[in-house]
Amino acid sequence: VVSKVSNSLCYQELHPATHKYVRSSNTAGVEKVEIPLYEQKDTAILDAEDLKALITMAKATEEYYNRPQDIEWAMDQSGKLYLLQSRPITTTDQEGALSFLPPGEGFWTFDPTHFPRPFSPHFQDVYGSGAFEYAEPLSRACGSLFKGLSVRFVHGFGFQQPQFAPPSDA
């Protein structure tokens, strides 16, 4: 998942590639080729530069058609990117579309490094309901102005906003 706002990678799952498609030996199309087990890796197929090129292509396609697009693409052995097909996304309603915009006013943080997957509903209940109730007394004892964290969830992903006490509350 890539943020439409920052173009940064928000979430990814890595699975070993078990096959690939290559030009057919008779050059009339493509054929599916199994990748030997010793060559399979849990690494991203696209490096940062290739991902940036794909994001640029996807955004340009959406801008051209003025609506979200489902695209099919391919990359040749030299790294050249090709747009094979594009069609409008019709299976989602725009009201419920995924948005990774912060969940409110102020500065909110999102930590995809430590929390790359959406939280379960149970974890959301535990994490969002008083998990930081002891933060203020402990931080005050250490001389800190940290009061705690406001936590909100967007599509299961947790966003945090630090809360600080004014110095006069000491």
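A salt bridge is taken here as a side-chain nitrogen of Lys or Arg within 4 Å of a carboxyl oxygen of Asp or Glu. By that criterion, the structure, which is a predicted model, holds two salt bridges. In the first to be described, Asp 70 is joined to Arg 87, with 3.4 Å between the closest N and O atoms. This pair links distant parts of the chain, as Asp 70 belongs to strand β3 and Arg 87 to strand β4 (residues 81-88), 17 residues apart. Arg 87 also forms a salt bridge with Glu 72, and here the closest N and O atoms are 3.0 Å apart. Because Arg 87 lies in strand β4 and Glu 72 in strand β3, this pair ties together parts that are 15 residues apart in sequence. Asp 70, Glu 72 and Arg 87 are thus linked in a network of salt bridges. As for their surroundings, Asp 70 is partly exposed at 34% relative accessibility, Glu 72 is partly exposed at 33%, and Arg 87 is partly exposed with a relative accessible area of 32%. As a general point, side chains of opposite charge can pair when their charged atoms come close.

It helps to place this network in the wider fold. The protein chain has three helices and seven strands, and along the sequence these follow the pattern β-β-α-β-β-β-α-α-β-β. Of the 170 residues of the chain, 18% count as buried. The protein chain exposes about 12700 Å², and carbon and sulfur atoms supply 55% of that area. Among contacts in the chain with a separation of 6 or more, 44% are accounted for by residues 24 or more positions apart.

The region around helix α1 offers two residues with contrasting surroundings. Thr 61 has its place in helix α1 and counts as buried, at 8% relative accessibility. Leaving aside residues up to four places away in sequence, Thr 61 touches Gln 69, Ile 71, Leu 83 and Ser 86. Asn 66, in turn, sits in the loop between α1 (48-65) and β3 (69-75). The phi angle of Asn 66 is near 60°, a positive value in a residue other than glycine. Asn 66 is exposed, with a relative accessible area of 69%.

Attention now turns to a sheet formed by later strands. This open sheet of three strands has the order β5-β7-β6, with antiparallel pairing. The strands β5 (109-110) and β6 (146-154) stand at the edges with a single partner strand each, so one side of each is left without a neighbour in the sheet. In general, strands of a sheet pair through backbone hydrogen bonds, either parallel or antiparallel. Here β5 and strand β7 (residues 157-164) pair in the antiparallel sense over two bridges. Within this pairing, Phe 110 has Phe 159 of β7 as its bridge partner.

The side chains of these two bridge partners also meet, which brings in the aromatic residues. The count of aromatic pairs comes to six. The rings of Phe 110 and Phe 159 have centres 5.1 Å apart and planes at 25°; with planes under 30 degrees apart counting as stacked, the pair is therefore stacked. Since Phe 110 lies in strand β5 and Phe 159 in strand β7, the pair ties together parts that are 49 residues apart in sequence. The two partners differ in exposure: Phe 110 is partly exposed, with a relative accessible area of 22%, whereas Phe 159 counts as buried at 4% relative accessibility. A further aromatic pair, Phe 119 with Phe 123, is stacked as well, at 4.6 Å centre to centre and 25° between the planes. In this pair, Phe 119 counts as buried at 13% relative accessibility, while Phe 123 is partly exposed with a relative accessible area of 33%. Finally, ring pairs link Phe 110, Phe 157 and Phe 159 into a cluster.

Key:
Residues numbered from 1 in each chain as written. Predicted model: local features only at pLDDT ≥ 70, side-chain atom pairs only at ≥ 80, totals over all residues. Heavy atoms only, no water. Pairing = 2+ DSSP bridges. Helix = DSSP H or I, 4+ residues; strand = E, 2+ residues; numbered from the N terminus. Phe/Tyr/Trp six-rings, centres within 6.5 Å; stacked < 30°, edge-to-face > 60°. Buried < 20%, exposed > 50% of the residue type's maximum accessible area, 1.4 Å probe, protein only. Contact = heavy atoms within 4.5 Å. Areas by Shrake-Rupley, 256 points an atom, 1.4 Å probe, with all protein chains shown as cover.
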